[in-house]
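Student: I am new to this structure. Please show me how to read it, one feature at a time.

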Amino acid sequence: IEEQSSEDLLIRMQKLEADGTEKLERRAKDILATVIQRFSGSVAAELMTTSVNIPSEDIKGKIIGKEGRNIVDDTPGTIVISAHDPVRRQIARVALENLIMDGRIQPAKIEELVEKAQADINKIIKEKGEQAVYECGIFNFDPRLVAIVGRLYFRTSYGQNVLQHSIEMSHVAGMLAEELGADVQIAKAGALVHDIGKALDHEVQGTHIEIGIRILQKFGADP
């Protein structure tokens with residue numbers, strides 16, 4: 001009977017499998033729709049450049065230096081800082097704004113204000129990391145890991161701030177875990193650091209996922 005009915009059985013099994021897949025997809029979409037409705041956040045686009053306003057062309061002349069050794073574009077009333085590394089770009093912006101306020105644009109002063117800008121940006125990175133883990137309710141991360149999370153504040157991906165995206169994903173993952181009866185804390189922690197590999201410079205070898213795993217292993221994150 002089994003041999004005679006093998007074709008009928010196969011057709012029936014395929015039909016059941018197709019019906020089951022459709023039901024699972026519908027359920028998955030329902031859960032995602034519920035979570036998206038529960039959480040909605042804004043997306044702000046950021047570019048690869050930062051603008052600094054200058055009070056006069058005289059100041060721009062000082063910044064350009066002798067024989068134009070510091071390349072500056074011709075936009076009136078503005079200096080545009082361009083760099084792939086957003087952390088360095090922000091350090092340059094803060095240092096340049098302070099230089100313009102000070103007025104003494106010479107090598108010693110530049111070095112002094114760049115060091116101060118680096119300290120200011122590092123403080124912001126630390127604060128942003130601490131705010132992120134607090135907002136997501138994660139309290140068992142190594143402080144050095146929290147600082148790396150904070151660096152994502154100065155990174156963008158697909159036009160969105162990566163830290164803001166990671167916080168959103170943490171909330172979404174937590175709600176998905178609630179809907180599915182999974183571990184909410186693990187889901188939230190995993191989602192917060194899913195893009196942490198993007199916090200490091202391009203000189204580090206590997207995909208951002210591989211880099212992220214190495215970072216988490218280095219600082220003793222729970223597997």
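Tutor: Start with confidence. pLDDT is the predictor's confidence in each residue, from 0 to 100. You need it here, as this is a predicted model.

Student: What is the mean pLDDT of the protein chain?

Tutor: The mean is 83, and 89% of the residues reach 70 or more.

Student: Which elements have the lowest and the highest mean pLDDT?

Tutor: Helix 2, residues 57-64, has the lowest, at 72. Helix 7 has the highest, at 94.

Student: What should I do where pLDDT is low?

Tutor: Where it is low, do not read the predicted coordinates in detail.

Student: Now helix packing. At what angle do helix 3 and helix 4 pack?

Tutor: Look at the angle between the axes, then at the handedness. Helix 3 (residues 86-102) and helix 4 (residues 107-135) pack at about 130°, and their axes lie 8 Å apart. Helix 3 is therefore oblique to helix 4. Their crossing is right-handed.

Student: Next, pockets. How much space lies in the second largest pocket?

Tutor: Take the volume, then the lining. The second largest pocket holds about 550 Å³ of space. It is lined by 24 residues, and the closest to its centre are Gly-190, Val-193, Leu-216, Ala-221 and Asp-222.

Student: Which helix gives the most to that lining?

Tutor: Helix 8 does, with six residues. Helix 7 (184-192) and helix 8 (208-218) each supply at least two.

Student: How does the lining of this pocket divide into nonpolar, polar and charged residues?

Tutor: Count by class. The lining has 13 nonpolar residues, nine polar and two charged.

Key:
Residues are numbered from 1 along each chain as its sequence is written. This is a predicted model: local features need pLDDT of at least 70, side-chain atom pairs count only at pLDDT 80 or more; totals for chains, interfaces and linings use all residues. Side-chain values use heavy atoms; hydrogens and water are left out. On a 1 Å grid over the protein atoms alone, a cavity is a set of points where a 1.4 Å probe fits but cannot get out, and a pocket is an open set with protein on both sides within 12 Å along at least five of seven lines; lining residues have an atom within 4 Å of a point. Grid points are joined across faces, edges and corners, and a volume is the space filled by probe spheres set on the points. Helices (H or I, at least four residues) and strands (E, at least two) are DSSP runs, numbered from the N terminus. Ala, Val, Leu, Ile, Met, Phe, Trp, Tyr, Cys and Pro count as nonpolar, Asp, Glu, Lys and Arg as charged, and the others, Gly among them, as polar. Axes are lines fitted to C-alpha atoms, for helices over the stretch in contact, and angles run from 0 to 180 degrees between N-to-C directions. Angles under 35 degrees count as roughly parallel, over 145 as roughly antiparallel, 65 to 115 as roughly perpendicular and the rest as oblique. A crossing is left-handed if the near helix is turned anticlockwise from the far one by less than a right angle, and right-handed if clockwise.
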